[in-house]
Amino acid sequence: MATAALADISPIASFPPHFFLENLAVRADGSILVTVLNRKQLWYVPAPSGGPPVTPTPVHTFDGFAMGIVETQPDIFYVSTVGQATLERFDMRGWVPGAPVKPTRVLTFDQPAGLNGACVLGPGVILLADSLAGVIWRVDLSDDGLTATASVWLRHHTMAPDPDNGFTSPLGPQPGINGIRFAARTNVVYYTSTGQKLFMRVAVDPATHTPVGQPEVVAADITADDFCVDENVGVAYLTTHTDNTIVRVPIDAGAATCVVAGHPFTEQLVGPSSAAWARGRTDYGRVAYVTTDGGHTAIEYHRPGSDGIIRPAQVVRVQFDPERPAR
């Protein structure tokens with residue numbers, strides 16, 4: 001794998017050590033909502049100003065472990081949890097930091113589900129990656145968004161966890177399907193399979209939102225977690241979490257897979273777990289926010305990777321150069 005010049009990384013917000021920042025959603029005003037898996041919480045990060053790091057504040061504590069988060073309408077968010085396997089609706093319209101927020105539970109799964117990454121597939125349609133069952137769930141919201149139904153959208157062998165991949169942890173094997181994103185322009189769903197070290201894609205029928213054909217491999221031998229996709233250039237940026245890097249992967253032919261951040265090791269990128277584009281006018285494809293866990297998960301999986309030190313979890317700003325070639 002090639003190595004490109006490092007992306008520019010700057011800290012946005014810091015959390016205490018042993019906070020596992022799982023996923024994030026960037027609001028229209030530039031502020032960020034972050035799920036903290038092991039604290040069962042949703043946190044608010046004020047919009048970065050370009051100056052010193054901002055101070056995050058808790059928004060809500062769940063019954064289960066906080067996982068994926070998506071925005072279906074302006075300031076309407078849905079958060080998935082595991083333990084009880086639920087989907088919770090947050091109406092943040094008119095909300096001010098520090099005010100209480102009471103979510104609406106729109107769905108409870110009848111069976112154990114390892115809900116992980118999430119994406120919006122179309123109006124009122126959410127996809128949830130199930131890391132334990134090895135499936136993608138389709139969730140159809142009611143017209144008012146207050147109730148929902150779930151059905152299996154796709155099941156494939158590449159989504160299953162791999163208990164024999166050499167990683168052991170009190171948390172169990174590394175997940176199968178993990179991150180999931182929908183590229184609306186090309187009607188393609190991309191997903192990572194962490195335990196199997198795969199980055200996959202499957203076409204989508206734009207009328208029915210159903211999968212078309214079988215998933216295909218985009219890249220292999222990358223222990224990826226979550227990611228963001230730049231459809232303008234045709235690349236994806238994958239967070240490798242326990243490997244402390246961000247890898248750029250071409251989703252079209254013509255470019256090499258390369259590490260763009262984290263090699264050599266940097267304390268600013270320890271345990272990167274997810275990535276989402278900033279929402280400024282020129283940010284797409286260039287500026288992303290990335291959550292980290294400070295090395296918490298690498299220790300759990302007996303993979304110190306760097307130096308075995310647990311650092312504060314962070315949200316960092318990463319500026320890419322989409323036109324910079326790999327070398």
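Buried here means under 20% relative accessible area, with exposed over 50% and partly exposed in between (1.4 Å probe, protein chains only). By that yardstick Phe-199 is buried, at a relative accessible area of 1%, and Tyr-190 counts as buried too, at 4%. The model is predicted, so local features need pLDDT of at least 70 and side-chain atom pairs count only at pLDDT 80 or more, while totals for chains, interfaces and linings use all residues. Residues are numbered from 1 along each chain as its sequence is written, and side-chain values use heavy atoms, leaving out hydrogens and water.

Now for the rings. Rings of Phe, Tyr and Trp (its six-membered ring) pair if their centres lie within 6.5 Å; planes under 30 degrees apart count as stacked, over 60 as edge-to-face, and the rest as tilted. The structure holds 12 aromatic pairs. Among them, Tyr-190 and Phe-199 are stacked, 5.7 Å centre to centre with 20 degrees between the planes. Tyr-237 and Trp-277 meet edge-to-face instead, at 6.0 Å and 90 degrees. Tyr-237 lies in strand β20 (residues 235-239) and Trp-277 in strand β23 (residues 272-277), so this pair ties together parts 40 residues apart in sequence. Strands are DSSP runs (E, at least two residues), numbered from the N terminus. Both Tyr-237 and Trp-277 are buried, and they join Tyr-284 and Phe-320 in one aromatic cluster.

Over to the strands, which pair if DSSP finds at least two bridges between them. An open sheet of four strands runs β3-β4-β5-β6, with antiparallel pairing. Its edges are β3 (21-26) and β6 (57-61), each pairing on one side only. Strand β5 (residues 41-45) pairs with β6 over four bridges, and Trp-43 has Pro-58 in β6 as its bridge partner.
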